[in-house]
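Open the model in a viewer and keep the selection tool at hand. The stops below say what to select next and what is there.

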Amino acid sequence: MKRLIDAGLEQLASMLFRMGEIAQTTVSISVMNYVEGTHNPKQVEELSDTLSSMAEPIEDMAFEIIARFQPVASDLRIVKSYMKICYDFRRYGRYALDISQIYERIGGMGECGLSFRKLLKKMGSETLNMVGTSIEALKNHNAELAKTLSEMEKYVDQLYYDYLDELIKTNAPSGCTISSLLVVRYLERIADHATYIGESIVYLATGEKTTLR
Amino acid sequence: MSYDTKICAKKLNIWFGDKHVIRDLDLEIKANTVTAIMGPSGCGKSTLLRSFNRMNDVIKSSRTTGEVFIGDKNVYSNGTNVYDLRRQVGMVFQKPNPLPKSIYENIAFGPKIHKTASGKTLDKIVEKSLKAAALWDEVHDRLNDSAFDLSGGQQQRLCIARALAVDPEVILMDEPCSALDPAATAKIEQLIRVLSTDYTVVIVTHNMQQASRVSDYTIFLYLGKVIEEGNTKVIFENPQHELTEQYITGEFG
Amino acid sequence: MIICLLAFFWIAATLFTGVGTLNLDLITTSALKGGLFEMIVGTIYLFLGAAAIAGPIGVFAAIYLVEYAPGGKVTRIIDQAINNLAGVPSIIIGLFGYTLFSRQLGFNISLLSGWLTLSLMILPIVIRGSEEAIRIVPASFKQAALALGATKWKAVSLTTLIAAAPGIVTSLILGIARVAGETAAILFTSCVLITRGLPSSPLEPVMSLSFNMYVKIVAQGEAPEQVFGIALILFFIVVAFSLVAIILRIYYRRKQPWLH
């Protein structure tokens with residue numbers, strides 16, 4: 001027989017997973033736009049708004065579960081982690097929006113040098129990879145998968161520093177350098193949040209408090 | 001605050017007739033803490049509790065082997081004075097059980113039978129005990145009234161005061177709030193926390209939220225054995241044993 | 001119940017016709033002068049003495065049976081024996097008492113023999129009544145006392161016994177009511193038709209109301225109506241004791257909140 005709290009937890013999970021899917025879509029569209037040179041700013045904006053409005057109901061649901069069911073042990077860890085992950089999803093949306101806005105305002109990487117474009121493409125795809133992994137790990141509470149985010153994050157950091165090195169070599173700042181600098185920063189932050197989500201998943205599944213960065 | 005071990009059970013086995021209720025059990029309870037003993041019905045919680053003050057001896061079919069140390073003395077050794085043990089290790093029962101006497105006489109009962117006080121000293125002890133049990137303000141002007149005139153929660157605090165009157169070191173509580181309403185329960189829970197400064201409190205409870213509110217340490221008992229024991233915070237956030245997790249999240253119980 | 005009440009009032013009314021033969025003088029005058037004084041006092045001596053013997057023995061027996069008896073075959077035999085004793089016809093108890101106390105122990109026809117014999121009749125009533133009074137007391141009182149470090153005896157005597165006291169006293173009074181008017185048991189063991197004053201030691205015989213009524217009718221051939229007056233007094237005594245028992249029961253019910 002199901003426990004009373006299970007209905008609440010299931011509803012909370014489905015709300016969060018839905019938010020995760022939308023967050024993933026938002027980041028995808030935004031990054032692909034930048035990397036491929038396509039334009040879809042309105043869609044990114046709408047999706048980002050949707051994400052913001054999904055956060056509060058999730059938090060309310062989490063608090064209701066705490067107040068009514070006094071969860072303990074794994075139930076408690078799930079509720080705590082889900083609330084944190086909800087915030088991380090919001091940040092996904094926020095950074096996706098930032099990338100889109102900078103891209104629309106200042107321009108893409110079309111005018112950047114080849115080496116830059118290569119780095120940016122790699123960062124973009126690796127970051128999207130991390131976002132996908134974080135959501136996959138969440139759906140199954142898969143701590144092992146979550147831990148792989150650690151390696152991925154190191155790689156993204158490496159690309160980031162490579163980019164900075166390249167940037168220092170360039171002399172004249174152009175629209176490309178400024179927009180790409182900001183975009184790289186946002187990508188790096190998205191990667192960070194993916195690792196935070198990974199840490200929450202490890203905690204929720206095993207009770208272990210780790211750092212994946 | 002010293003965290004020495006106050007109660008220590010070693011290879012404790014208890015039978016009621018043929019029923020093997022406590023099996024080869026070892027545990028330690030630290031001084032000046034509140035320890036909750038939890039577990040599903042029939043796991044032996046109350047039996048374990050009653051082994052600390054040898055109240056199981058009262059049941060004819062009971063048989064106990066192993067050792068229980070209160071402080072550094074094994075209470076199952078041959079020379080033990082059981083009556084002094086029960087003074088030293090007090091007990092509060094599930095259903096409040098005031099004696100059919102006045103409030104004053106209830107509290108005075110213990111000191112009288114142990115001949116530890118009389119006259120004015122006794123008056124002081126009664127007052128001190130009632131104050132320690134947070135009941136003085138409510139009864140100080142009617143000490144000669146029957147104990148049965150008190151409400152359930154007050155009666156239970158009376159029973160606590162009665163146990164305190166003989167200056168125990170340990171207070172055992174067997175589901176002390178299960179017969180009380182939420183307001184009375186809250187009062188007793190607050191009292192338990194305060195009492196742990198001066199006494200070692202062991203409380204058997206069915207109510208998980210109560211265990212998590214009130215205790216520093218929690219012991220999870222199942223079928224007469226200790227499955228897990230540790231800091232309450234840790235047990236309720238991240239229990240190590242599968243059975244503990246299942247029990248406290250309500251998957252069985 | 002209505003039949004009982006009807007019977008009661010019919011008996012009372014019948015006896016009341018004898019009230020004419022009574023007056024205060026008669027009650028206080030010695031039998032030597034035609035009065036009833038020694039008979040009344042004798043009756044009272046008899047049942048009070050028997051109660052004094054049966055009371056403590058009965059209460060301790062009850063305590064033993066409830067609190068200390070191991071509960072096996074021996075206890076069941078004792079239980080059955082008590083029930084049997086309660087059912088023995090009083091004449092047989094009287095004969096037994098005569099044989100044992102009067103003859104073998106040599107007490108002859110005396111107050112002492114009467115006491116011992118009557119106590120055998122009171123005993124089952126006191127034991128059963130006290131047992132029930134003790135059993136009804138919640139075990140929680142004893143538990144509380146034990147948990148405070150009392151020995152078993154202290155726990156029982158200072159809590160259970162005190163709480164059971166009203167019930168025990170009531171059972172004793174009922175026992176007295178039972179034997180106050182007893183005739184057959186004291187027939188051979190303690191009574192004579194007339195004595196010189198009150199007995200000065202328990203080894204002397206005594207006069208009693210019931211014995212006197214018996215002798216007057218059977219041996220002296222008086223018409224029953226003549227002794228209605230004496231009967232009324234005896235009736236009065238018995239009814240009074242029963243009433244006291246009932247009143248005590250009701251009074252102490254209120255003082256025992258754990259019963260509800």
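Start where chain C meets chain B in this predicted model. The contact is made by 15 residues of chain C and 20 residues of chain B. Select helix 7 (139-147) and helix 8 (152-180) of chain C: each gives at least two residues to the side of chain C that touches chain B. Helix 7 of chain C supplies the largest share of that side, six residues. Colour the side of chain C that touches chain B by class, and nine nonpolar, five polar and one charged residues appear.

Now show chain C alone. How many helices and how many strands does chain C have? There are eleven helices and zero strands in chain C. Read from the N terminus, the elements of chain C are therefore α-α-α-α-α-α-α-α-α-α-α. The C-alpha trace of chain C spans about 65 × 45 × 30 Å along its principal axes. Chain C has 260 residues, and 42% of them count as buried. Take the contacts in chain C between residues at least 6 apart in sequence: 75% of these join residues at least 24 apart.

Next, select helix 4 of chain C, residues 73-87. Is helix 4 of chain C buried or in the open? The number of buried residues among its 15 is zero, so helix 4 of chain C lies largely in the open. Its length can be checked as well: at 1.5 Å a residue, the 15 residues of helix 4 of chain C should span 21 Å, and the end C-alpha atoms are 21 Å apart, which agrees.

For a contrast, go to C:Leu118 and C:Ile122. These two have the most contacts inside the largest nonpolar core, which has 204 residues. In soluble globular proteins, nonpolar side chains tend to be buried together. Leaving out residues up to four places away in sequence, C:Ile122 touches C:Ala50, C:Ala51, C:Ala54, C:Gly175, C:Arg178 and C:Val179.

Move to chain B and select its sheet of six strands. The sheet is open, the order is 6-7-8-3-9-10, and the pairing is mixed. Strand 6 (89-92) and strand 10 (225-231) of chain B are the edge strands, each pairing on one side only. From one strand to the next the twist averages 20°. Within this sheet, strand 3 (residues 34-38) and strand 9 (residues 217-222) of chain B run parallel and are joined by four bridges. To see one bridge pair, pick B:Thr35, whose partner in strand 9 of chain B is B:Tyr217. Then add helix 6 (residues 152-164) of chain B, which packs on the sheet and touches strand 6 and strand 7 (170-174) of chain B. The direction of helix 6 makes about 170° with that of strand 6 of chain B.

Chain B also has an open sheet of four strands, in the order 2-1-4-5 and with antiparallel pairing. Its edge strands are strand 2 (19-30) and strand 5 (73-74) of chain B. Select strand 1 (residues 5-16) and strand 4 (residues 62-70) of chain B: they pair in the antiparallel sense over eight bridges. B:Ile14 stands opposite B:Thr64, which is in strand 4 of chain B.

Stay in chain B and pick B:Ser102, in the loop between strand 6 and helix 3 (103-113) of chain B. With 18 other C-beta atoms within 10 Å, B:Ser102 is partly exposed. Not counting residues up to four places away in sequence, B:Ser102 touches B:Leu143, B:Asn144, B:Asp145, B:Ser146 and B:Ala147. The C-alpha atoms of B:Ser102 and B:Arg142 are 9.1 Å from each other, with the two positions 40 residues apart along the chain.

Two loop residues come next. Most residues other than glycine have a negative phi. B:Arg54 is not a glycine, yet its phi is positive, about 55°. It lies in the loop between helix 1 (45-52) and strand 4 of chain B, and with 20 C-beta neighbours inside 10 Å it counts as buried. In chain A, A:Gln70 also has a positive phi, near 40°. A:Gln70 is in the loop between helix 2 (41-69) and helix 3 (73-106) of chain A, and with 15 C-beta neighbours inside 10 Å it counts as partly exposed.

Finish where chain A meets chain B: nine residues of chain A are in contact with twelve residues of chain B. The side of chain A that touches chain B has three nonpolar, three polar and three charged residues.

How values were computed. Residues are numbered from 1 along each chain as its sequence is written. Chains are lettered from A and ligands numbered from 1 in the order in which they are written. This is a predicted model: local features need pLDDT of at least 70, side-chain atom pairs count only at pLDDT 80 or more; totals for chains, interfaces and linings use all residues. A residue is buried if 20 or more other C-beta atoms lie within 10 Å of its own, exposed if 12 or fewer, and partly exposed in between; C-beta atoms are placed from the backbone. Two residues are in contact if their C-beta atoms, placed from the backbone, lie within 7 Å. Ala, Val, Leu, Ile, Met, Phe, Trp, Tyr, Cys and Pro count as nonpolar, Asp, Glu, Lys and Arg as charged, and the others, Gly among them, as polar. The expected span of a helix is 1.5 Å times one less than its number of residues. Two strands pair if DSSP finds at least two bridges between them. Axes are lines fitted to C-alpha atoms, for helices over the stretch in contact, and angles run from 0 to 180 degrees between N-to-C directions. A nonpolar core is a set of buried Ala, Val, Leu, Ile, Met, Phe, Trp, Tyr and Cys residues joined through C-beta atoms within 7 Å.
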